[in-house]
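Please walk through this structure one region at a time, with attention to how side chains and backbone elements are placed relative to one another.

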Amino acid sequence: MSFDLYDLTNKKKNHPSWRLMTADNGPLIISFLDLVFREENQRQVDEHEMVLKLEDYLYQVRDGREDDPYPRSAADYLEEWTAPGRDWLRKYYPAGSDIPHYELTPGTEKVLQWVDSLTVTRFIGTESRLQTCFDLLRQIVRGVEENSEVRIRELEEQKSRIDREISRIQAGDIPMMDQRQIRERFLQFKQIAHELRSDFTAVEGNFRELDREIREEIATWEGEKGGLLEQFFGDHDRITHSDEGQSFRAFWDFIMSPDSQEELSLQLDRVFDLEELGSLRDDPRLRRIHFDWIDAGEKTQRTVARLSGQLRRYLDNRAFLENRRITELLDRIEKQAVALKDRPPTGTWMSLEHPRAQVRLPMEQPMFSPPVRQELISRIEVADEEEIDTEKLFNLVYIDRERLQGNIEKALRSQQQIRLDELIGWFPLEQGLSELITYIHMAEEDPLAAVSDEVSDQVVWDGEEGRRRSARFPRIIYTRRSAHGRT
């Protein structure tokens with residue numbers, strides 16, 4: 001990859017990392033941000049604490065100098081570092097807090113990593129890096145090999161090497177790393193661990209940039225809702241299914257596994273117990289670095305959740321506006337009809353039985369469900385020789401279906417749906433089982449009523465002679481009809 005002169009010139013003017021490196025107060029900014037965020041292992045700092053820390057740092061820098069190289073206040077410096085075009089710090093309000101917080105931006109993280117690379121080390125670990133290169137190449141070659149015989153042969157060779165190593169260890173020949181090898185690999189692990197933690201800031205920044213673009217498009221969108229949704233899901237899928245998004249998902253699944261967390265904790269504890277590391281063990285942040293990874297990944301997940309929340313609010317607002325527009329149109333039609341009632345047009349007219357349009361959408365029709373087959377269990381017991389009163393056989397019970405339909409409509413005025421057992425709780429049964437069966441029969445005739453064989457309900461009522469009666473039946477749900485034929 002070659003560098004383009006004009007592209008580099010543009011980056012020098014606009015890229016936050018480049019501007020930070022060339023800023024007059026660059027050393028002050030880099031040293032202070034490294035002290036607050038990395039040395040103290042903090043991802044976000046509230047404004048009050050940030051101002052106090054910067055004031056103390058400026059006081060230490062100014063101490064003993066005749067001229068004041070930093071005459072401005074701490075609040076002014078922080079305002080400058082978060083200004084558009086600088087973007088060295090991000091100032092935001094966390095969820096549930098009315099106090100602004102600060103965190104490092106991806107550009108500042110890159111600068112801190114680059115400054116780290118300028119630090120002179122005692123030795124350059126070429127062996128461990130060479131081993132890492134070989135391991136990566138082996139993983140690539142094994143991962144793309146389609147020939148099963150080649151894979152089996154490689155596994156057999158690997159098995160033979162393991163068997164030989166086991167034999168040597170059983171014979172007392174145990175190979176051990178020397179101090180140089182241990183320190184070299186530990187320093188490489190430390191570098192990769194901190195770079196991985198910084199990578200999350202860049203990943204979160206990409207999702208946050210998508211969030212900002214979506215918010216701007218929603219605020220200024222004037223076209224169809226489907227067009228905006230198509231563009232939103234296209235952008236979201238492009239990041240989710242990109243190499244970066246898939247790699248983040250694989251990392252998150254791995255790090256959230258309890259087995260992986262336990263293994264990482266055990267391995268870190270064993271490594272930090274090695275005396276050969278010496279002063280390298282004094283970094284407490286590295287011993288719990290995997291918890292920092294989890295915290296950084298969780299923040300990235302919350303950013304994605306905010307995207308979904310923003311889209312949901314947009315849909316709710318759009319639906320409210322569309323419903324209000326439909327209501328306004330209907331009100332306008334009614335007002336025009338009232339204005340014309342005393343001045344009807346002349347000519348031939350025909351009368352309509354129902355002077356309104358019945359709008360029935362195809363998706364409004366309920367799906368077919370087989371009729372419910374009621375199973376009647378009759379238990380015939382032999383009575384004694386006493387005389388049976390047959391008068392009750394001639395007492396016919398009349399059920400007023402209009403009254404029952406009125407009960408259903410009254411209950412549905414305040415809610416969209418209601419179950420039959422809830423309806424009977426509102427309007428108790430006056431004629432017992434006959435009235436209950438009538439409710440069930442009305443539900444079978446109503447295309448908007450739903451009957452479920454999987455769930456059953458039970459009602460209780462007072463029968464004759466004060467005896468309590470109960471019945472269990474399939475769950476029945478009545479649904480309200482809208483004013484325009486919709487549910």
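## From a polar contact to the cores

In this predicted model, the side chains of Asp421 and Arg419 make a polar contact with each other, at 3.1 Å. Asp421 is found in helix 16, which covers residues 420-426, and with a relative accessible area of 18% Asp421 is buried, since the term applies to values under 20%. When the neighbours within four places in sequence are left aside, the residues in contact with Asp421 are Asp457, Gln458, Val459 and Phe473.

We turn next to the aromatic residues. A pair of aromatic rings is described by the distance of the centres and the angle of the planes. Three aromatic pairs are counted in the model. One of them is formed by Phe32 and Trp81, whose rings lie 6.2 Å apart from centre to centre with 50 degrees between the planes, a tilted arrangement. Because Phe32 belongs to helix 3 (residues 26-39) and Trp81 to helix 5 (residues 74-81), this pair ties together parts that are 49 residues apart in sequence. Phe32 is buried, at a relative accessible area of 0%, and Trp81 likewise counts as buried, with a relative accessibility of 0%.

Trp81 also pairs with Tyr77: the ring centres are 6.1 Å apart and the planes stand at 35 degrees, so this pair, too, is tilted. Here both partners lie in helix 5, four residues apart, which is about one turn of the helix, and both Tyr77 and Trp81 are buried. Taken together, ring pairs link Phe32, Tyr57, Tyr77 and Trp81 into a cluster. Tyr77 has a charged neighbour as well, for Arg72 lies over the face of its ring, at 5.2 Å from the ring centre.

A second placement of a charge over a ring leads to the sheet. The charged end of Arg90 sits over the ring of Tyr92, 4.1 Å from the centre of that ring, and Arg90 has Glu103 in strand 3 as its bridge partner. Strand 2 and strand 3 (residues 101-104) run antiparallel and are joined by four bridges. The open sheet consists of three strands in the order 1-3-2, with antiparallel pairing. Strand 1 (45-46) and strand 2 (89-92) are the edge strands, and each has a single partner strand, so one side of each is left without a neighbour in the sheet.

What remains is the nonpolar interior. The largest nonpolar core has 26 residues, and Phe37, Met50, Trp81 and Leu89 are those with the most contacts inside it. Two or more residues of this core come from each of helix 3, helix 4 (47-62), helix 5, strand 3 and helix 6 (106-117), with helix 3 giving the largest share, seven residues. Trp81, already met as a partner in aromatic pairs, thus returns here among the residues with the most contacts inside the core.

The surroundings of Met50 can be followed in the same way: apart from its neighbours within four places in sequence, Met50 is in contact with Phe32, Leu33, Val36, Phe37, Val45, Leu78, Leu89 and Tyr102. Apart from this largest core lies another core, of 22 residues, and among them are Leu420, Leu436, Trp461 and Tyr478.

Notes:
Residues are numbered from 1 along each chain as its sequence is written. This is a predicted model: local features need pLDDT of at least 70, side-chain atom pairs count only at pLDDT 80 or more; totals for chains, interfaces and linings use all residues. Side-chain values use heavy atoms; hydrogens and water are left out. Rings of Phe, Tyr and Trp (its six-membered ring) pair if their centres lie within 6.5 Å; planes under 30 degrees apart count as stacked, over 60 as edge-to-face and the rest as tilted. Buried means under 20% relative accessible area, exposed over 50%, partly exposed in between (1.4 Å probe, protein chains only). A charge sits over a ring if NZ of Lys or CZ of Arg is within 6 Å of the ring centre and within 35 degrees of the ring normal. Two strands pair if DSSP finds at least two bridges between them. A polar contact is a pair of N or O atoms within 3.5 Å; within protein, one must be able to donate a hydrogen and the other to accept it, and residues adjacent in sequence count only if both atoms are side-chain atoms. Contact means heavy atoms within 4.5 Å. A nonpolar core is a set of buried Ala, Val, Leu, Ile, Met, Phe, Trp, Tyr and Cys residues joined through side-chain atoms within 4.5 Å.
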